[in-house]
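Reader: I would like to learn how to read surface exposure and pockets in a model. Could you take me through them one feature after another?

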Amino acid sequence: MGSAIAAYSAGVVRDVTGTYDAAWYGAALLCLVAAGLSVAIRTGRAPEPAPAPEEAAAEDAVLRG
């Protein structure tokens, strides 16, 4: 779907302006945004496992007093 929209948009830009320059600059900008979002993805720590039922019950008893 995204590729079809990009191709159609590039054709519209070409028809309106007579050149593909704006389409290329727009594509480059979208690539920079995608690269920035890719870098922003956090990696590293795995989620902590859920406590065993006995531990959860003990912790609940401590919290209730």
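**Exposure, a surface patch and a pocket**

Author: In this predicted model, valine 16 is exposed, because its relative accessible area is 65% and exposed means over 50%. Valine 16 has its place in helix α1.

Reader: Which residues make a nonpolar surface patch, and what is its area?

Author: Tyr8, Val12 and Val16 together make a nonpolar surface patch of about 330 Å².

Reader: How should I read serine 9, which has its place in helix α1?

Author: Serine 9 has a relative accessible area of 34%, so it is counted as partly exposed, the class between under 20% and over 50%. As for its distance from alanine 34, the C-alpha atoms of serine 9 and alanine 34 are separated by 18 Å, with the two residues 25 apart along the chain.

Reader: How is empty space found in a structure, and what is the volume of the largest pocket here?

Author: Rolling a probe the size of a water molecule over the atoms shows where empty space is left. In this model, the largest pocket has a volume of about 200 Å³, and the elements that give two or more residues to its lining are α1 (2-17) and α2 (21-40).

Reader: Which element gives the largest share of that lining, and what is the lining made of by class?

Author: The largest share, six residues, comes from α2. By class, the lining has nine nonpolar residues, two polar residues and no charged residues; among the lining residues are Ser9, Val13, Tyr20, Trp24, Gly26 and Leu30.

Definitions and conventions: Residues numbered from 1 in each chain as written. Predicted model: local features only at pLDDT ≥ 70, side-chain atom pairs only at ≥ 80, totals over all residues. Heavy atoms only, no water. 1 Å grid on protein atoms, 1.4 Å probe; cavity = no way out; pocket = protein on both sides within 12 Å on 5 of 7 lines; lining within 4 Å. Points joined across faces, edges and corners; volume = space filled by probe spheres on them. Helix = DSSP H or I, 4+ residues; strand = E, 2+ residues; numbered from the N terminus. Nonpolar A, V, L, I, M, F, W, Y, C, P; charged D, E, K, R; others polar. Patch = residues over 30% accessible without salt bridge, like charges linked within 9 Å, V, L, I, M, F, W, Y side chains within 5 Å. Areas by Shrake-Rupley, 256 points an atom, 1.4 Å probe, with all protein chains shown as cover. Salt bridge = Lys/Arg side-chain N within 4 Å of Asp/Glu carboxyl O. Buried < 20%, exposed > 50% of the residue type's maximum accessible area, 1.4 Å probe, protein only.
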